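Take a moment to turn the model around and scroll along the sequence. Where is empty space left between the atoms, and how do the pieces of the fold sit together?

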Amino acid sequence: MSAGSSSLMWFRKGLRIHDNPALEHASKGSNFLYPVFVIDPHYMKPDPTAPSPGSFKAGLNRIRFLLQSLVDLDSNLKKLGSRLLVLKGDPSEVIIRCLKEWDVKRLCFEYDTEPYYQALDAKVKGFASTAGIEVFSPVSHTLFNPAEIIQKNGGRPPLSYQSFLKLAGEPSWISSPLSMTISSLPPFGNVMNCEISEVPTVEELGYEEAQQDEISPFRGGESEALKRLRQSIENKEWVANFEKPKGDPSAFLKPATTVLSPYLKFGCLSSRYFYTCLQDVHKNVKRHTLPPVSLAGQLLWRDFFYTVAFGTPKFDQMRGNKICKQIPWNDDDDELLAAWREGRTGYPWIDAIMIQLRKWGWMHHLARHCVACFLTRGDLFVHWEKGRDVFERLLIDSDWAINNGNWLWLSCSSFFYQYNRIYSPISFGKKYDPNGDYIRYFLPVLKDMPKEYIYEPWTAPLSIQNTAKCIIGRDYPKPVVYHDSASKECKRKMAEAYALNKKLTGLVSEDDLINLRRKLEEDQKPEVKNKRQRKLMG
């Protein structure tokens, strides 16, 4: 690069200093370095019509987590003689304007496989190439480059975890040490007419701080991520024996996992560094669990979903998605969806999980499995895309590829097809937490319900409901469906849908689904129909 030249480091995810090849490249041989983050109204603008505080795309918990991560990044950049330059607006327009005004010769940003960022990046790269600006966009958000794995597989993404592992092998970077520190950064030059601000507060974005009755206990930022990672890997035995899907979904004060997912989502923690730390632990112990259940296996799952998502057009929908079974989910399900989303299905285990999601923006992976199964193929037969939207908005670790992948999986639309295996909304939670402490914490209305009835409060005699100061149907809802009959009905619908997909070799049209839905309704046993109508009226 010529003397006196400027680089722009565009932060989106990858909100860290350690193992950040884009930042390292941007700082090399530059006289000036502009570290930029753009506040994107698409994600950050308050939406007064949303069912809970936040924007159309993100709940307040995730927005707060992102702002905390930016404050931490800014503070870490200041230690290196720089700072974070925050701008607002459509990211591609803002970045193009900065490139022009600051006479930038080199643009660096971490590669992103999400369709939203792919579109933004195409715009910005298009401008950069005509302006003769060098673009450096390394893959460092994942362990592998999804495009390379797809290429190895003849241009198609591998559709099973095992075939992914076989293709992936060892990451190519594993033999060279990761760059964990940067000693100093070039200063930024004149910002001209670009409006630079500090990292905004929640209130400056237009939110009322008092909008939320409980705030996520997890704080954003690289410093917090590295501290949490150190605490997790200190206990070598725990790491060596970690086995998913084991773990207690009802443990909330001290969760039974690392809770590193939100830090990986925003790139406050490098997945490559995490993987290296796990390999080091494995070298120093006699025995350890292996993928898919080990902690390293979890990171590989993340890469698996990233790869399939990147190589599958319309991965985030049912229609037109080649790997997704076409299923006639309920159309008239807004009441059921709202009851599920707001934690008033009448099943305390399900409702407590959904309240934890709304309040904390997080819940244990097995808890996620339970509520996703309940909404879709287990009990309510509501479309997985609707549940996915709720998770996408409320989770602090919501990640496009993983969230869609998990909903496809849990609704038995792709990857996993044993639709007869259903999580019971009663016995599953009881197995981990027979006293119902988790329920009592997130649903205080049930805090005095005896443990014999806490998972099925509608079965408690009226005298007991009175003593517990919780009358079912008044203080806490009756079940929206009865699990035994509802799950039986769901299995019947799934069996018919699977048979149709098989018969038409996956080429199921909108009309085929409409006809199947009509047939399913006609075949539905009259007493089930009547029971549901009575229930909705009552």
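## Empty spaces and their walls

The lining of the largest cavity divides into 4 nonpolar, 3 polar and 1 charged residues (Ala, Val, Leu, Ile, Met, Phe, Trp, Tyr, Cys and Pro count as nonpolar, Asp, Glu, Lys and Arg as charged, and the others, Gly among them, as polar). This is a predicted model, in which local features need pLDDT of at least 70 and side-chain atom pairs count only at pLDDT 80 or more, while totals for chains, interfaces and linings use all residues. Residues are numbered from 1 along each chain as its sequence is written, and side-chain values use heavy atoms, with hydrogens and water left out.

Which residues line the largest cavity? They are Tyr111, Asp112, Thr113, Val139, His141, Thr142, Pro146 and Tyr306. A cavity is a set of points, on a 1 Å grid over the protein atoms alone, where a 1.4 Å probe fits but cannot get out; a pocket is an open set with protein on both sides within 12 Å along at least five of seven lines, and lining residues have an atom within 4 Å of a point. The count comes to 1 cavity of 30 Å³ or more. Volumes are the space filled by probe spheres set on the points, which are joined across faces, edges and corners.

Here are the spaces side by side:

| Space | Volume | Nonpolar | Polar | Charged |
|---|---|---|---|---|
| Largest pocket | about 1,300 Å³ | 27 residues | 11 residues | 8 residues |
| Second largest pocket | about 950 Å³ | 22 residues | 4 residues | 18 residues |
| Largest cavity | about 60 Å³ | 4 residues | 3 residues | 1 residue |

Start with the second largest pocket, which has 44 lining residues; Tyr43, Lys57, Ala58, Arg62 and Glu392 are the closest to its centre. Elements that give two or more residues to this lining are β1 (6-11), β2 (32-39), α2 (41-44), α3 (60-78), α5 (115-130), α13 (334-341) and α16 (384-394). Helices (H or I, at least four residues) and strands (E, at least two) are DSSP runs, numbered from the N terminus. With 7 residues, α16 gives the most to the lining of the second largest pocket.

In the largest pocket, 46 residues form the lining, and Lys244, Gln298, His365, His369 and Asn406 lie nearest its centre. At least two residues of that lining come from each of α10 (261-265), α12 (295-311), α15 (365-378), α17 (400-410) and α18 (427-432).

## A sheet with helices on it

An unreviewed UniProt entry places the feature "domain: Photolyase/cryptochrome alpha/beta" at residues 5-143 (positions follow the numbering used here, feature names are shortened, and annotations may be inferred rather than shown by experiment). This span is 41% helix and 19% strand, and its end C-alpha atoms lie 32 Å apart.

Now find the open sheet: 5 strands in the order β3-β2-β1-β4-β5, with parallel pairing (two strands pair if DSSP finds at least two bridges between them). At the edges are β3 (85-88) and β5 (134-136), each pairing on one side only. From one strand to the next, the twist averages 30 degrees (axes are lines fitted to C-alpha atoms, for helices over the stretch in contact, and angles run from 0 to 180 degrees between N-to-C directions).

Look closer at β1 and β2, which pair in the parallel sense over 6 bridges. Phe11 stands opposite Phe37 in β2. Helix α4 (residues 91-101) lies across β1, β2, β3 and β4 (104-108), at about 165 degrees to β1. Packed on the sheet, α5 touches β1, β4 and β5 (contact means heavy atoms within 4.5 Å), and its direction makes about 175 degrees with that of β1.

## Backbone details in the loops

Where does Asp19 sit? Asp19 is in the loop between β1 and α1 (21-27), and has a positive phi of about 40 degrees although it is not a glycine.

Lys244, one of the residues nearest the centre of the largest pocket, is joined to Pro245 by a cis peptide bond with omega of about 15 degrees. Pro245 belongs to the loop between α9 (236-241) and α10. Another cis peptide bond runs from Pro291 to Pro292, with omega near 5 degrees; Pro292 is in the loop between α11 (271-283) and α12.
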